[in-house]
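Here is a short report on one protein model. Please view the fold first, then read on.

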Amino acid sequence: MIRRKRPVAGVLALLAALTAGLAFPAGAAAGEPTGQDAPQVDLVLDVSGSMRARDIDGQSRMAAAKQAFNEVLDATPEEVELGIRTLGANYSGDDRKEGCKDTAQLYPVGPLDRTEAKTAVATLTPTGWTPIGPALLKAADDLDGGTGSKRIVLISDGEDTCAPLDPCEVAREIAAKGIGLTIDTLGLVPNAKLSRQLSCIAEATGGTYTSVEHQDELTDRVNELVDRAAEPVVTPVAAEGADTCAEAPTLASGLYTDRAEFGQQRWYRVDVLPGRELRASVSVAADRAVNPDYGVLLRAVTVHGRETVRGEAMGNGRTDVVSTGLRHPEPEREDADSDKPAAETLCLVVTHSFSPGSGVKTTPGLPLELTVDVVDGPDHASDVASFGLGRGWWLLGALVLTGFLAGLVWGWLSRWRIAVWRTN
């Protein structure tokens with residue numbers, strides 16, 4: 001049975017939530033939250049000269065950011081290790097090379113001393129350049145390699161001034177490392193170019209972009225992101241798909257992440273016992289400029305090359321994420337050994353038709369998330385597809401019956417009108 005899903009911007013987070021309870025036959029499940037290490041958040045604040053502008057509730061952008069930070073520090077959950085990094089806070093000269101090095105750790109990521117952190121924030125004065133790219137690289141290093149969730153929250157009022165180091169490319173490189181780091185961005189100015197840059201940074205790591213114009217909006221949003229870091233999360237497990245079914249890795253139930261090059265197929269193997277059902281879904285995100293009109297195809301294929309079911313979805317440029325899924329029930333076999341039934345090996349094949357825009361880098365590949373779940377098979381025939389229609393069979397039957405009755409009534413009315421016409 002094919003399950004089609006409309007592409008949605010938040011689908012990567014949804015897939016993570018749906019698979020939070022999946023388990024492996026033994027040991028830790030793929031994507032299972034371990035809870036071993038404390039969640040970490042690094043707040044990255046733009047302290048460039050433009051933060052002097054007084055356009056947020058009658059006060060400067062810097063004053064609004066300081067007030068928001070103080071309230072966030074008061075509300076930070078005890079279990080969250082929080083740090084603060086600045087960009088453009090120390091160098092006020094005209095040397096571009098020096099200005100693009102101006103990023104510093106104001107408060108180290110770790111257990112929070114609220115008084116010390118507030119004192120550090122109070123010393124900030126809008127100063128220099130806007131080296132977003134270098135700041136993101138350093139912020140990624142601020143967070144250790146533990147198993148807890150890791151999040152960077154970037155707050156800026158202007159575009160990066162340190163090209164050619166593109167902050168969007170920096171975010172893609174961070175995402176390609178597979179360390180499970182999410183970057184959320186907040187823009188303090190409703191500017192189209194800033195919005196595009198901050199959106200690109202966030203989308204590259206599965207984060208979010210928000211435009212804020214009031215101090216209370218800034219406080220609420222940063223609080224929400226810090227609280228989100230404290231929630232149990234599922235970190236996708238890196239899985240490298242192969243070019244053929246024979247070489248593909250065997251996956252158990254869980255959430256996996258990979259990279260798919262343009263024009264490339266990714267193959268994965270899943271073992272399904274008789275009486276069980278495979279449920280799989282895939283999302284591919286465009287983390288760079290791509291041409292409109294694209295799609296994603298997910299197929300289940302036997303090791304002998306016979307396709308059993310497929311799911312597909314299309315996009316037209318209005319969203320950067322396309323998602324689809326499928327279900328494959330494996331029937332019971334009467335001749336199977338009841339103690340050790342033989343599993344059917346299926347290959348999941350992921351294909352996408354994204355194409356890069358002019359001058360856009362093609363490596364690394366586009367981020368891919370694959371959900372695999374093997375559950376008990378359906379108990380009733382109505383749970384399985386009927387001629388490819390599933391439960392829609394009943395709706396089709398009702399429509400046919402309604403059409404038949406409508407035809408009878410219309411025919412009777414037509415004959416009656418003709419009889420009246422002849423009589424007159």
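The text below covers a four-stranded sheet and a nonpolar surface patch.

This is a predicted model: local features need pLDDT of at least 70, side-chain atom pairs count only at pLDDT 80 or more, and totals for chains, interfaces and linings use all residues. Residues are numbered from 1 along each chain as its sequence is written, and side-chain values use heavy atoms, with hydrogens and water left out.

**The sheet**

Four strands form an open sheet in the order β10-β15-β12-β13, with antiparallel pairing. Its edge strands, β10 (266-272) and β13 (307-315), each pair on one side only. Strands are DSSP runs of E, at least two residues long, numbered from the N terminus. Two strands pair if DSSP finds at least two bridges between them.

| Antiparallel pair | Bridges | One residue pair |
|---|---|---|
| β12 and β15 | seven | V296 opposite H352 |
| β12 and β13 | eight | G295 with M314 |

Four residues lie between the strands in the hairpin of β12 and β13. There, G305 takes a positive phi near 95 degrees.

**The patch**

V409, W410, W412, L413, W416 and V420 make up a nonpolar surface patch, with about 670 Å² of accessible area together (Shrake-Rupley method, 1.4 Å probe). Patch residues have over 30% relative accessible area and no salt bridge, and nonpolar side chains are joined within 5 Å. A salt bridge is a side-chain nitrogen of Lys or Arg within 4 Å of a carboxyl oxygen of Asp or Glu.

L413 is found in helix α9 (residues 392-423; helices are DSSP runs of H or I, at least four residues). L413 has a relative accessible area of 34%, so it is partly exposed (between 20% and 50%).

How values were computed:
Patch = residues over 30% accessible without salt bridge, like charges linked within 9 Å, V, L, I, M, F, W, Y side chains within 5 Å. Buried < 20%, exposed > 50% of the residue type's maximum accessible area, 1.4 Å probe, protein only.
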